[in-house]
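Below are some notes on the model, set out as numbered points. Please read them with the structure open.

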Amino acid sequence: MGLEKTENRFADLAGCVPVREPQRQFYFMEEMKKLVAEQEKELGRKLTMHVATFGCQMNAKDSEKLCGILEYIGYQETESEDADFVLYNTCTVRENANTRVYGRVGYLGACKKKKPSMRIALCGCMMQESHVVEKIRKSYRFVDIIFGTHNIYRLAELMYEREQTGKTVVSILQEAEQIVEDLPAVQKYAFKAGVNIMYGCNNFCSYCIVPHVRGRERSREVCEIVKECADLAAHGVKEVMLLGQNVNSYGKNLEHPVSFAELLREVARVEGLERIRFMTPHPKDLSDELIAEIAANPKICKHVHLPLQSGSTEILRKMNRRYTKEQYLDLVARIRKAIPGVAVTTDIIVGFPGETEEDFAETLDVVEKAEYISAYTFIYSKRTGTPAAAMDNQVPEEVANERFQRLLKVVGRVASAQAEKAAGTVATVLVEEKNPESGLLTGRMENNMLVHFPGEEALIGTLVPVCLKECKGFYYFGEIV
Ligand code: SAH
Ligand code: SF4
Ligand code: F3S
């Protein structure tokens, strides 16, 4: 994209750039569209883009918005990382996520040497950490655009600025200035979608970087969430996953406070939606009202993801989780009593600073008692700037690794025993895809477990009853009934 041409264009622009959003971004998307069209003509082909997403559902959702902007501008998505525009939407929740990003950015640098017109952009949670941005500016100077979590909607403007100035553009906000919606987005699946109900987190668990990189809690208005769900349903979406770092605190800071249970009720009224999921409720403040709503509402999946983190009350206190082992187990018991057949899943961290063998034994004890159907397990990772990073008694790596292996075994045994219980029953399954190799359809049950079964491709995106013939630990083989 010729700099001279764009500088002239910049002069023409003076005074006509809208100040309000999202109009401002549509303006820059149109400008970028022209630049992309020019380059297409020069090259005699379409320009390609590749967006790689690391981390959680929030990032996946952000990437759908980023892809929407890039498609609007005229880029075609490609599997290959050797694309004209490559964007990494990064995660920093654990160190290994960061290491992977650095390695891959190094590879992109080599691609760009061969193709100088390539543009490389990095965004997401890692970029909210100043030491990361410093490192990239110093050691990966070929990166074109760096932005954070609070301004992803400004992608087109930042791209335009890069073309104007010819220099690396860095735009990181410490807090969100505004929530800008109503920009184009591409959905990964036609039949299921994530919907943000809130952004940020106020809990400050002592090990966790998320509140530092995602900012304070902000809830979206009920009417906006319901409108988004209704639009999705009108386009054929059957299942929505309501997303927030702690959905229990949804709506507390709205002008007219609303509870999460009330929001669920409203979303369930949306015609065409058949299944509602949500992630994540925090065990410290999961209300009886919410339990009752899950129990009573047929559209809400009978699945509660309830992150334990540790089974030791002492470690939970140091983690700033604000519940005890007993309170957690009591909550699980209340959930099981009110919602027969409910699936409970969890997240567990091993090797938190000061964790003793006795503390770890408490974690194993909760795994046995809570009867999880699956669990995400992590080795504690020290995050710069969090209180836990400065704590004494960091657990040696070998000790944490050894406990992690033992935890995996117990989780595996407990989870497959739970899964085995469902064998022979009939489950409702949302059909997601056909495996080209086995020729089998794959779908998800209410508890998020996978079932493989014979059937027609036309069933993709529909809910079908499937008899779970054979349990394979964390998935089943079944037959449509
Ligand atoms: N808001 C959600 C999930 C946040 S991140 C919640 O509160 O449950 C997802 C998971 O990553 C967490 O549940 C935790 O188990 C894990 N995690 C977060 N920080 C971590 C760290 N520093 N080291 C290891 N695992 C971590
Ligand atoms: Fe992190 Fe805790 Fe917030 Fe979850 S609730 S995002 S673990 S600080
Ligand atoms: Fe990672 Fe950010 Fe999610 S740090 S887990 S992508 S909120």
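1. Strand β16 and strand β17 (residues 450-453) pair in the antiparallel sense, with four bridges between them. Within this pairing, Arg444 stands opposite Leu450 of β17. The model is a predicted one, and the remarks here should be read as remarks on that prediction.

2. The hairpin of β16 and β17 has five residues between the strands. Asn448 in this hairpin takes a positive phi, near 75° being the value for another residue discussed below and near 80° the value for Asn448 itself.

3. On its other pairing, β16 (residues 441-444) is joined to strand β15 (residues 426-434), again in the antiparallel sense and over four bridges. Here the bridge partner of Arg444 is Leu430. Arg444 thus appears in both pairings: with Leu430 of β15 and with Leu450 of β17.

4. Which residue takes a positive phi in the hairpin of β15 and β16? That residue is Gly439, with phi near 75°. Six residues lie between the strands of this hairpin.

5. A separate sheet is open and has six strands, in the order β2-β1-β3-β4-β5-β6, with parallel pairing. Its edge strands are β2 (76-77) and β6 (169-171), each of which pairs on one side only.

6. At the β6 edge, the partner is strand β5 (residues 145-147); the two pair in the parallel sense over three bridges. Ile145 has Val169 of β6 as its bridge partner.

7. Is helix α6 (residues 155-165) largely enclosed or largely open? Nine of its 11 residues are buried, so the helix is largely enclosed by the rest of the structure. The cut-off for buried is under 20% relative accessible area. The buried set includes Leu155, Leu158, Met159 and Tyr160, and charged residues belong to it as well, among them Glu157, Arg162 and Glu163. Gly166 follows α6 and has a positive phi, near 70°.

8. Asp182, Glu221, Glu224 and Glu255 form a negative surface patch. Of these, Glu221 sits in the loop between β9 (218-219) and α8 (222-234). Its relative accessible area is 35%, so Glu221 counts as partly exposed. That value also fits the patch, because members must have over 30% relative accessible area.

Terms used: Residues are numbered from 1 along each chain as its sequence is written. Chains are lettered from A and ligands numbered from 1 in the order in which they are written. This is a predicted model: local features need pLDDT of at least 70, side-chain atom pairs count only at pLDDT 80 or more; totals for chains, interfaces and linings use all residues. Side-chain values use heavy atoms; hydrogens and water are left out. Patches are made of residues with over 30% relative accessible area and no salt bridge: like charges are joined within 9 Å, nonpolar side chains (Val, Leu, Ile, Met, Phe, Trp, Tyr) within 5 Å. Accessible areas come from the Shrake-Rupley method with a 1.4 Å probe; for residues, only the protein chains shown count as cover. A salt bridge is a side-chain nitrogen of Lys or Arg within 4 Å of a carboxyl oxygen of Asp or Glu. The place of a charge is taken as NZ of Lys, CZ of Arg, CG of Asp or CD of Glu. Buried means under 20% relative accessible area, exposed over 50%, partly exposed in between (1.4 Å probe, protein chains only). Two strands pair if DSSP finds at least two bridges between them.
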